[in-house]
Amino acid sequence: MISEIRITGLGVIEDATLELDPGFTAVTGETGAGKTMVVTGVNMLLGGRADSGLVRHGVRRARVEGRARNVPKSIVREAEERGGELDDDDELLIARELSSEGRSRAFLGGASVPVSVLAEVSGDLVAIHGQADQWRLLQPARQRETLDTFAGKAVLVPLGEYASAYKRHREVEAELIELTTRQRDRLAEADLLRFGLDEIAKAEPLPGEDRELAAEEERLAYADGLRSAATTAGDALASDDLDSSRPNDVLGLLSLAKQVLDGEREHDNKLAELADRAGELGYLAADLAGELSSYAADIDTDPARLAVVSERRSLLTGLVRKYGDQEGTVDEVLEWTKRSAARLAELDGSDERVELLTAEQLELQAQLKDLGSQVSAARKEAAARLGVAVSAELSGLAMPHATLTVEVHETTAGPFGADEIEFCFAANPGSPARPLQKAASGGELSRVMLALEVILSDTHPVPTLVFDEIDAGIGGRAAVEVGKRLARLAEKAQVIVVTHLPQVAAFADRHAVVLKSDDGSVTTSGLVALDDDARLKELSRMMAGLENSDAAQAHAEELLALAAERHTKSRKKKR
């Protein structure tokens, strides 16, 4: 239940607070005072679209706050998961801010949340019904939703199963079309993949083989030069000329240097260190000379092997050009092989896939036919009951001869079954029932809407209902009956009604008026709860446009007495 609504900086409302209790609250006021801003504010709390043009001129932002008590646990959990919480009075604060630049912010339990979250959670708290909803009722989709809601589980359970099966049927159908219409393309793709896989399989490339062959080819191509360089360098390090009195190789010279230094090392430690380093160089030079000799001996000049390596490299290079990627290596060719083998298996299995999908399609079609029949049967049964119930309500709304019939016609199967729902209306016994949009006037449509809301409140209750001039287009005794029905509805839910009819407002448990003041430049509005005397004056004003009209006041007193009598009877029935 909503316990309080506060609006600041929205339209003509500067700052207004509406405290709410259970039951029926009527909101009235002069034209232009800002009654619709109350509904607009509630709509913002529900996560509805908000136009920056609604922000009051001269202020930076508009803000709407709502406090709700006895909130469902699911909504409390949602708030807590997002960092919000109930306040000290165990009430949940819901708020929405709208800046003059168009930026919007939402809050749940004090925590900032996306606006979409308000739409998700507030739908279980509040429902708004206005003139726009009346016209939406004329749409086939809305009529179908209304019937299904009234029918309850009898329709909604098989309809849920039907919707899942229908979705899967569409997916299967799309895949079958894809497989059958692209069969030629799939065969061509499979042939190309087989050719490539066969070509690569014949070559039998190994990971990293191309790099190893490149290095080997380089060595074979330059074998003579490599051997000559190694031999020359080896001779420079260690010469075979042993008869020379003066060494001309590195090892000989290092040995001579070591010998000369050793002769004097005992006289100076520094010189001794240098002698040792000359010895170390000799060891290193000897080791290098040995490796160069071994390298030169291992160099193989084999023109036949060079031809084999070059031919193999050419084969692998061709494969890389065809099947490689950016780096251009044999490893990429092997990766292509893995991917292509998997894709070929998928393509080769397409015929089997078509068979499986075809079987599943037939099974789903049978399932849809069965579920669709269940949904249709439940809808027809509920349609008869809904028509009788609405007609009975219309009789109590000063339309004793009006009837509503709900027709269920077979149509092409779609996501919501194979039925077309049509509400038909007849205002008089001799009039043929015609589609609601063609037969009902604005006032009649208002009462049909209210009748449906009263009936659905039993099967699909919402804690708080807000009606925005649902009484448009009616008056007189019909308006009195609308007031009675709203009062009856308020026995099951909190009802807030923005109305211009005194006959409706008189049946409210509480009455608030939107007052407009004008200081000559700026018009402001505020919400004021009325006591009995003030309420009598407001009802008189609504009837005659004047607060001091004796006739209007007498009529207002009569209406209040009628409403009081109705409340007394209602309380006795409850006992």
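**Close-up views of charged side chains**

**View 1. Asp 331 is partly exposed, at a relative accessible area of 29%.** The model is predicted. In this view the side chain of Asp 331 meets that of Arg 211 in a salt bridge, with 3.7 Å from N to O. Asp 331 belongs to helix 13 (residues 330-348) and Arg 211 to helix 8 (residues 209-221), so the contact ties together parts of the chain that are 120 residues apart in sequence. A value of 29% falls between the limits for buried (under 20%) and exposed (over 50%), which means that Asp 331 counts as partly exposed.

**View 2. Glu 393 and Arg 485 form a salt bridge.** Their closest N and O atoms are 2.6 Å apart. Because Glu 393 lies in helix 14 and Arg 485 in helix 17 (residues 476-489), the pair ties together parts that are 92 residues apart in sequence. Both partners are buried: Glu 393 has a relative accessible area of 7%, and Arg 485 has 14%.

**View 3. Within helix 14, Arg 385 is joined to Glu 381.** The two side chains form a salt bridge whose closest N and O atoms are 2.7 Å apart. Both residues lie in helix 14 (residues 350-396), with their positions four residues apart in the numbering, about one turn of the helix. Arg 385 counts as partly exposed at 38% relative accessibility, and Glu 381 is also partly exposed, with a relative accessible area of 43%.

**View 4. Arg 61, Arg 63, Glu 65 and Glu 97 are linked in a network of salt bridges.** The network brings together two arginines and two glutamates. In the whole structure, a search finds 28 salt bridges.

**View 5. A patch of negative charge lies on the surface.** The residues gathered in this patch are Glu 80, Glu 81, Glu 85, Asp 88, Asp 89 and Asp 90. One of them, Glu 81, lies in helix 2 (residues 73-81). Glu 81 is exposed, with a relative accessible area of 67%.

**Setting of the views. The chain has 20 helices and 15 strands.** Of its 575 residues, 43% count as buried. Along the principal axes, the C-alpha atoms fill a box of roughly 150 × 75 × 45 Å. The radius of gyration of the chain is 46 Å, whereas a compact globule of 575 residues would have one near 25 Å.

Conventions. Residues are numbered from 1 along each chain as its sequence is written. This is a predicted model: local features need pLDDT of at least 70, side-chain atom pairs count only at pLDDT 80 or more; totals for chains, interfaces and linings use all residues. Side-chain values use heavy atoms; hydrogens and water are left out. Patches are made of residues with over 30% relative accessible area and no salt bridge: like charges are joined within 9 Å, nonpolar side chains (Val, Leu, Ile, Met, Phe, Trp, Tyr) within 5 Å. Accessible areas come from the Shrake-Rupley method with a 1.4 Å probe; for residues, only the protein chains shown count as cover. A salt bridge is a side-chain nitrogen of Lys or Arg within 4 Å of a carboxyl oxygen of Asp or Glu. Lys and Arg count as positive and Asp and Glu as negative; His and the chain ends are not counted. The place of a charge is taken as NZ of Lys, CZ of Arg, CG of Asp or CD of Glu. Helices (H or I, at least four residues) and strands (E, at least two) are DSSP runs, numbered from the N terminus. Buried means under 20% relative accessible area, exposed over 50%, partly exposed in between (1.4 Å probe, protein chains only). The radius of gyration is taken over C-alpha atoms; the globule rule is 2.2 Å times the number of residues to the power 0.38.
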